[in-house]
Each structure stands twice: as structure tokens, then as C-alpha cells.
Amino acid sequence: MRQTTLFIPTLKESPADAEIVSHQLMVRSGLIRKGASGIYSWLPLGLLVIKKIEAIIRKQLASIGAQEILMPVIQPAELWEETGRWEAMGPELMRIKDRHDRAFCLGPTHEEVVTNIFRGEIKSYKDLPINLYQIQTKFRDERRPRFGVVRAREFIMKDGYSFHSDRTSFDQTYEKMFTCYSSILNEIDLDYRAVEADSGNIGGQKSHEFHVLSDIGEDTIVCTSEGGYAANLEAAVAKKSEPTDSPLHELTEIATPGVKTIEELCAFLNVPASSTLKTLIVRVSDHGEETVSKNSFLAVVLRGDHDLNLTKLAKQEEVLGEITLASENEVRKILDAPIGFIGPINCGLKVLIDHEAFVSNNLVCGANEVDKHMEGFNSERDLSSTDYRVTDIRNVSPGDKAVTGEGELKFFKGIEVGHIFQLGTKYSEAMKASVLDESGTETPAIMGCYGMGVTRLVAAAIEQHHDNEGIIWPEKIAPFFVHLLPLNMHKSDLVREIAEHCYDELSSRGIGVLFDDREERPGVKFAEADLIGIPHRLVIGEKGAQDNLIEYLTRSSKEMVKLSPKEAIEKIVSRHNSLTAEI
């Protein structure tokens, strides 16, 4: 492609609203342009990258027998009402009506649509398993779109769905998809981690997320220093500590005037946060906004140095509705004490206490009385007359022992680019998508769900592959393979002749070439070449051309060697062929 005919509107400066490197470089290099908050147009250079990623995805999915379909962006409300998600999805679901006042939504995901297709066409176990996928535009009305295409409202996603008549087939496909996603990310040349995850509002049982490691990632990934355990923070668990055997202190009331927070308590008593207890009062069932009933609330107890994990708490049997922290007014009505001095002893509520708090001795906790705390708290002794249950409701911390026994837990940041779910029969039961098994009995299909963010992968790749000058594209997803830069070609017939020869020869061998045939100063060409980030570069100048030499360098290292045009062409062809030959 000649650069004079290619639409690449590059910018020297980053837009004011671009917070992260990938967003800045995608705008500056002419990959995208903003249409509205969280909505972007993809320009030629960016679309070429998307097509490269899609090709890798299609190739890997074809290798495991997945079949591509295309489902509509607009989905009827009736399907979502069958599964109960029309209301459950909340404001992220963009609801619209047609001219006949019928309700539709812009699809954020396609479980309902694909299950509807399945139930209309598949009737027997003999037609299973089947693994269907699409690459389609999605829309989620994010409350706070940010980081360019990392968290956009409109995006391109690969989503897939498998259907099975038995658990063995289901598990086999899940493992194939896990391996397939790993192969895709390896081929794109990304540093990633596959982690155990919570299924969120998609639902289902087991799930794994695939995170590209990045400091700007919105998700915290927990991995072991040894071994293979990995999970996101919502799902991560640590090895349980053994009960401490230190002598028990007497439970003593102490005055703590104005000391309301853990930080203030630690400073006032000169103790570490691990020697304190924090008690949160949460509403876990809705008996009406105006009603303040003790049955609607739980006391949630953790060690002072630990944070509550809302995902774990939401899965507890005592939680019957949406979790919200009790207000100051509600706490005073229930316990007759202000927030900051609440403790679990005789509080009159069901208590959920985290395991680590339960096995720790001689802690400081609230006394359920203003300006007072209790010193020497021990769970087993001091909760004897309280209705309590011990469970895991905390976030793990760096340095915790891994639940697998494989070293300590370490924290990383990651951009989630893929998520695979074991849905089970959640959607097939709700939508009556059944097949006849070998005995002729109707049984709901077992389902799997497999998503990968195509446009998000572009940003994730740039976050990992860039320098101060611009993008450094991984070879397999670069918009072009080689950037041809003749200098002052309009003044030199020899430079033009060599450049045209290289362009024709490389193009004829199926190699993507960006030919900078513009009448621009060398400095402008080099700066824009660095910004755009094509992996290989050939620079043709008048002096070298007279000696039949051109400069070859890679964008990643910028180590330059002088080669004859023939040698340079063969070097690029050899590298290109070795990449295309890889499985």
C-alpha cells in the first residue's frame, strides 16, 4: 500500500482525554477516532490490525472444530425476559423500541439468542456436541467508559457457545477452549495469565479469565511465587492459618474517645492493624426501604488489616438480596451505637466472621458503645452467646500462603481480554432448550460460553509493546509487515528505482508493505514510522543506493545493518515465511 493513498491521519500531540499510552498512541497513529463517549470509529490502519487478530482467532477455533455464525446486534426483549436478565442486567443493557413499540436491546452478549437458535434446531444427543461462535459488535452502556477501547461502550467481541448432552463432552470442550485461548494469546505475543474467576452476571459454575499483564489493568491478579495457582482477586483464596496458641488476655473495656477508624485505633493504642477487628453492618435482604429490621442485616467481621470481598460475601447462604452497607442512622437504630465503635460481642445480629479473624487472639474490637472498645477479644470464647458462622469473606493479601501450598501469593494488574464459563444448564433450563438422551428422556443441554475482546486486544498489545516514540507491533498483528522508507525519492531516480523494485518484489510474495512515497523530509518519515510501529523497516538513501546498499532495521531493536536490496528482500521474506509456517 502506498502511503500517499492510505488514510493515516497522524497527530503530533495526544488528545487531552487520553489517559493511558495505548489510547494516546491509537489516536496519534490514526488507528481510531472518537465519535462519542466510549464509541470509536476504526480507521484503515486500526481495522487492518483487527482483521489480523480476527484471522488468528478464526484459525485457532477452526483447529478445534468451532463453527462461525453471525447473530443480530438487535435482540428482542422476550428472549431476555425468559432468562430473567431483562431487568437483572440493569442500566448497562441499552433498551430500545421499534416503530411498533416492541422492546429490543443492543446485544451486550448473545446467550439468549444462541440458545433460541439451538432449541429450534437441535433435538437429539446425536447432534451434539456443537461449538458455535461469532465475531460481532457488542454494546454495553458503561457508566464510566475510560481508557479508550479498553473500557468502551461499543466494541468488537468474539463470543462462542457450546452445547453438550453429557458432562464428559462438556469438560473436554472447556479444556480445548482453554488451550485455544492460550494459543491465540501466545500467537499475538502477549504476556498473560489465565486465572480462576467469578462468573459475574453471565452466571454458571467454573470460569477462567485471561488477563494481559499491564500496570493500567483494572483487575488485580493473584498468582503464586511457585507453581501454577492463579485467580483474580474476587475469586482468590489463601491457605487457612492455624489457630494462634498465644495465652488469652482478659476481655477488657477501654476508653477510646473519638477513635472511629482502624488507622486511628492503631495510632491510639500503638498496635498493628492485624491486632484489631473491624465489624461492618450490611443489609442483605430488602424488607422495604423504611423498615429497619435486624433480620435484614448481618454483622461482617474481619481482621483490621483485611478487606471485605463482596463477591465472596454475596455467595453466603445468609445473603438474600443486594448487599449495601448500613447507613449511620440504620446502625444507630439497630445497635444503639455509632459506626466506628461497633463490635460482634452480643450485637444481636447474625455474625459472619472471616476465618483469619476467628483464629487470631487478643484483638481489639468495638464495644457497641460510643468512645469505647474491647481489648483481648477471642472469637471462640467471646462469641459463645452469639449466633455466628466462620467463613472466607476477605480479599487475600500479598504474602499470604497459597491454598495449593505452592509458595506465597503475589499481585499483578491485568487487562481482561478473555473469559470462559461453564454455564451448565442455567440458560437451557430457563429457555427449555432440551435434547433427547440415549434413553429417549428430555434433558436440558449443558452449555459453555467463551468470550474474547477483539478491540480490547489491540489496546492490550500496545500497552505491552511500545516505547517513547510509538507502537512496536507484534509481527503477526501488525497492519503491515515492512515499512519502506525511500528518502528524497522525488529527487533521485536511483532511489525511486530501488524502492519500486523492493515494493513490487515484496508485494508479489504476499508480504504487506507500507510504501512511504510521500514528498516529506526524512525526519518526518522516521518519526511517523516510529509512531506507527511496523515491525521491519527498509530505508533507501541516495548515498547507500549508489553502493547498492539499503538499511534494514527492526522497530523493536533499531539495530541497523546495510544489505543489498536482494539480501534485504530475502531476509524479510525468510522471516515472514517462518512466521506463516508456525502452527
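**Exercise 1. Find which residues of α14 and α17 meet, and work out how the two helices are placed.**

Step 1: In α14, the residues I498, H501, C502, E505 and L506 meet P565, I569, I572 and V573 in α17, where contact means heavy atoms within 4.5 Å. The model is predicted, so that local features need pLDDT of at least 70 and side-chain atom pairs count only at pLDDT 80 or more, while totals for chains, interfaces and linings use all residues. Residues are numbered from 1 along each chain as its sequence is written, and side-chain values use heavy atoms, with hydrogens and water left out.

Step 2: Sorted by class, this contact of α14 with α17 has seven nonpolar, one polar and one charged residues. Here Ala, Val, Leu, Ile, Met, Phe, Trp, Tyr, Cys and Pro count as nonpolar, Asp, Glu, Lys and Arg as charged, and the others, Gly among them, as polar.

Step 3: Helix α14 covers residues 493-508 and helix α17 covers residues 565-581, and they pack at an angle of about 30 degrees with their axes 11 Å apart. The two helices are therefore roughly parallel to each other, a term for angles under 35 degrees.

**Exercise 2. Describe how α2 packs on α13.**

Step 1: Helix α2 (residues 44-62) and helix α13 (residues 454-464) have axes 10 Å apart and pack at an angle of about 110 degrees. That angle makes α2 roughly perpendicular to α13, the word used for 65 to 115 degrees.

Step 2: On the α2 side the contact is made by V49, I50, I53, E54 and I57, and on the α13 side by V454, T455, L457 and V458. These residues divide into seven nonpolar, one polar and one charged.

**Exercise 3. Characterise the second largest pocket and its lining.**

Step 1: About 390 Å³ of space lies in the second largest pocket. A pocket is an open set of points on a 1 Å grid, reached by a 1.4 Å probe, with protein on both sides within 12 Å along at least five of seven lines, and lining residues have an atom within 4 Å of a point.

Step 2: The lining has 20 residues, of which K260, T279, L280, I339 and G340 are the closest to the centre of the pocket.

Step 3: Both α7 (262-269) and β14 (277-283) supply at least two lining residues each, and β14 gives the most, with five residues.

Step 4: By class, the lining of this pocket has eleven nonpolar, six polar and three charged residues.

Conventions: Axes are lines fitted to C-alpha atoms, for helices over the stretch in contact, and angles run from 0 to 180 degrees between N-to-C directions. Helices (H or I, at least four residues) and strands (E, at least two) are DSSP runs, numbered from the N terminus. Angles under 35 degrees count as roughly parallel, over 145 as roughly antiparallel, 65 to 115 as roughly perpendicular and the rest as oblique. Grid points are joined across faces, edges and corners, and a volume is the space filled by probe spheres set on the points.
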